[in-house]
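Here's a quick tour of a protein model, going from sheets to helices to a few odd backbone spots. Have the structure open as you read.

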Amino acid sequence: MARAARAPRTSRATGDVLVRAVNITKAFHGNEVLKGIDLTVHGGEVVCLLGPSGSGKTTFLRCINLLESIDGGRIWVDGELMGYREDEKGQLHTLGDKQIAAQRREIGMVFQRFNLFPHKTALENVIEAPTQVKGISKSKAKERAVELLASVGLADKPAAYPGALSGGQQQRVAIARALAMDPKLMLFDEPTSALDPELVGEVLRVMRQLADTGMTMIVVTHEMEFAREVADHVVFMDAGVVCEEGPPDEVLGNPKNERTRSFLRRMHNAEERDAATADDVPDTGLEGVGLPPA
Amino acid sequence: MSTKTDVVRAAGQDRPGVIHARPVSHPWRWVALAVIAVLVAMMISSFVTNERWNFPVALQIMIQQPVLDGLVKGTIVGTIGAMVIGVVGGILLAVMRLSSNPVLRRVASVYTWFFRGIPRIVLLGMIGIGIPFLYDGLDFGVPFGQQFGHALGLSTDFTFFHLSLTQFSSTLLAGILGLGLSEAAYMAEIARAGIISVDKGQAEAAQALGMGNGKTMRRIVLPQAMRVIVPPTGNETIAMVKDTSLLIAIPVITELYYQVRIIGTRTLEIMASYVAVVAWYLIVCSVLMVGQFYLERYFGRGFGETKRAAKKAQQERAARPAGMGGA
Ligand SMILES: Nc1ncnc2c1ncn2[C@@H]1O[C@H](COP(=O)(O)OP(=O)(O)OP(=O)(O)O)[C@@H](O)[C@H]1O
Ligand SMILES: [Mg+2]
């Protein structure tokens, strides 16, 4: 599929650093998964994290909002050291559960498998954190939730339980739920990879809109087109290190690192194969099943 | 060029229509039905023809005042009280078992080991006899306050409230506490199974939203765990209805089985008294099963609606203007 040429876009970055991660290391039972990751994200910027399976993208994302503890390095979000307090002598003290919860409030997260609360309706999912964590009144929270659901195209679904929604709808509720806390930063962990191909577009559309409102976003994704068109900055990770990073046109258009190149070649082949599947196969009503691995 | 529609048209009237198939035949169902019908007929005939069943007397025994007292206090209040302590204690123990605090984890497993290892009748007997024998009363105050007060020559001994145990243990309260403590040990395992059945992503999603550990457990994990916890808890409750007959070990005499037996021996209507007590236990358990049905439906919301619930939800949706959420 050929895309129309795009006017060069100026970065959304507003200049001030929102996320700074320096030399992050993390091992699971001696298996070193992150080997000194550095990342800087400016306010308003959209950063896409790419890389082969097992390269540590999810782990890194989870370290940012403290769902995973780190072994080494420091992460600052909006100038605040995450997970620790440093005293005058430079000694680190682990933060308690309450303080960690307070830091997480500033960061929204969207999961690969949605993780909506199945015993609550779409609306209840969205108002849960504002009412329970921020102490906002139920009626105020509902007003806001109705707006948020409308903004992700689900104005007609507030009373639906997640089990009665499609994957794409569930993921959009999950985005609304995260936004209800008014986060400074949104983390997305492969938000579309659990979706049927025909549902991917609706979620990416919502993410694009969000990017255009100036939200700072770190997105782990395999959607090359999204990275190319929406990202201000692309980071390619492999085996726990950042191999290459820069503007999307450079990293995706003219990669210098051999590992980036071979990964992109594989992704490209996969995309072509998908496209071929979509074009050649007659209407069987089975699109979305995908091809078996070659 | 042949397209899909051509193929369809070519098939014309030959395309298969509505299915009128014969259902699978089940001859053994009819055999089973016949056998059961004969057995039921025999039973009814015995009830009607054998006067020794003596149902009118059984009915009379059922509505004697001491029997009703025993039913309400011993069986119903006893079951509710013990199960409240059991469920709350069990969930607490399960949360302790699953916590990251090694002291709490160990305490919970020692508790379960202890109370699961003792027969209830022995436990109740020991509470009834042992506690008033060992201690005169229960003082609520500062731990070791009496010793401190004495050593420092103070006029107060830091005791705020005194409960006489000789009085306490002969009451229903001691029995309820005993049964409840024992039940908590079993409920702990049921609650633990429920909690670990909830996807880890649920707690992570709640935490990512900035919810603390307590709120995450209370608002997100436990309500979902209840779906798994309720059915075996119904089982435990029904078992508890029957275990309230052990309260006599305390001894609590306002208890259904004990009262019925007394009347039975006094009037020599032993069989009728058994019929009376069986009838009461069956009635109580039937009511509980109805309650369990509604509880399961409540905690199952959002997980595959039943036909009726779906219909109801649809009616509600139709009645409500769009954009208005229900809560
Ligand atoms: N909780 C865990 N315990 C042990 N090992 C883990 C754990 N989580 C991740 N790993 C390991 O860490 C490595 C990186 O995993 P991670 O999920 O971060 O990769 P990823 O880049 O997100 O891959 P994918 O694209 O498949 O999602 C993998 O080898 C994985 O097996
Ligand atoms: Mg991943």
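## Sheets, helices and backbone oddities

Helix α5(A) lies across β8 and β9 of chain A, running at about 170° to β8(A). A quick word on ground rules: this is a predicted model, where local features need pLDDT of at least 70 and side-chain atom pairs count only at pLDDT 80 or more, while totals for chains, interfaces and linings use all residues. Residues are numbered from 1 along each chain as its sequence is written, chains are lettered from A and ligands numbered from 1 in the order in which they are written, and side-chain values use heavy atoms, with hydrogens and water left out.

Helices (H or I, at least four residues) and strands (E, at least two) are DSSP runs, numbered from the N terminus. Two strands pair if DSSP finds at least two bridges between them.

So what order do the strands under α5(A) belong to? They sit in an open sheet of six strands, β8-β9-β10-β3-β11-β12 of chain A, with mixed pairing. The edges go to β8 and β12 (241-246) of chain A, each with a single partner strand, so one side of each has no neighbour in the sheet. Neighbouring strands here are turned by 15° against each other on average, direction ignored.

Inside that sheet, β9 (residues 185-189) and β10 (residues 216-220) of chain A run parallel and are joined by five bridges. A:L187 stands opposite A:I218 of β10(A).

Chain A also has an open, antiparallel sheet of four strands, in the order β2-β1-β4-β5. Its edge strands are β2 (31-42) and β5 (80-81) of chain A, each pairing on one side only. Nine bridges tie β1(A) to β2(A), and the two run antiparallel. A:F28 has A:N31 in β2(A) as its bridge partner. Helix α1 (residues 57-64) of chain A lies across β1, β2 and β4 (72-77) of chain A, at about 60° to β2(A). Contact means heavy atoms within 4.5 Å. Axes are lines fitted to C-alpha atoms, for helices over the stretch in contact, and angles run from 0 to 180 degrees between N-to-C directions.

Now back to α5(A) and its helix neighbour. The axes of α4 (residues 138-151) and α5 (residues 167-179) of chain A come within 9 Å and cross at roughly 140°. That makes α4(A) oblique to α5(A); angles under 35 degrees count as roughly parallel, over 145 as roughly antiparallel, 65 to 115 as roughly perpendicular and the rest as oblique. The crossing of α4(A) past α5(A) is right-handed, a label given if the near helix is turned clockwise from the far one by less than a right angle, with anticlockwise being left-handed.

Which residues make the contact? A:R144, A:L148 and A:L149 come from α4(A), and A:V173, A:A176 and A:L179 from α5(A). By class that is five nonpolar, no polar and one charged residues. Ala, Val, Leu, Ile, Met, Phe, Trp, Tyr, Cys and Pro count as nonpolar, Asp, Glu, Lys and Arg as charged, and the others, Gly among them, as polar.

Last come the backbone oddities. Two asparagines, neither of them a glycine of course, have positive phi:

| Residue | Phi | Place in chain A | Relative accessibility |
|---|---|---|---|
| A:N23 | about 55° | strand β1 (residues 17-28) | 44%, partly exposed |
| A:N115 | near 50° | loop between β8 (107-110) and α3 (122-132) | 8%, buried |

Buried means under 20% relative accessible area, exposed over 50%, and partly exposed in between (1.4 Å probe, protein chains only).

Over in chain B, the peptide bond from B:I250 to B:P251 is cis, with omega near 5°. B:P251 is in the loop between α11 (213-243) and α12 (256-267) of chain B.
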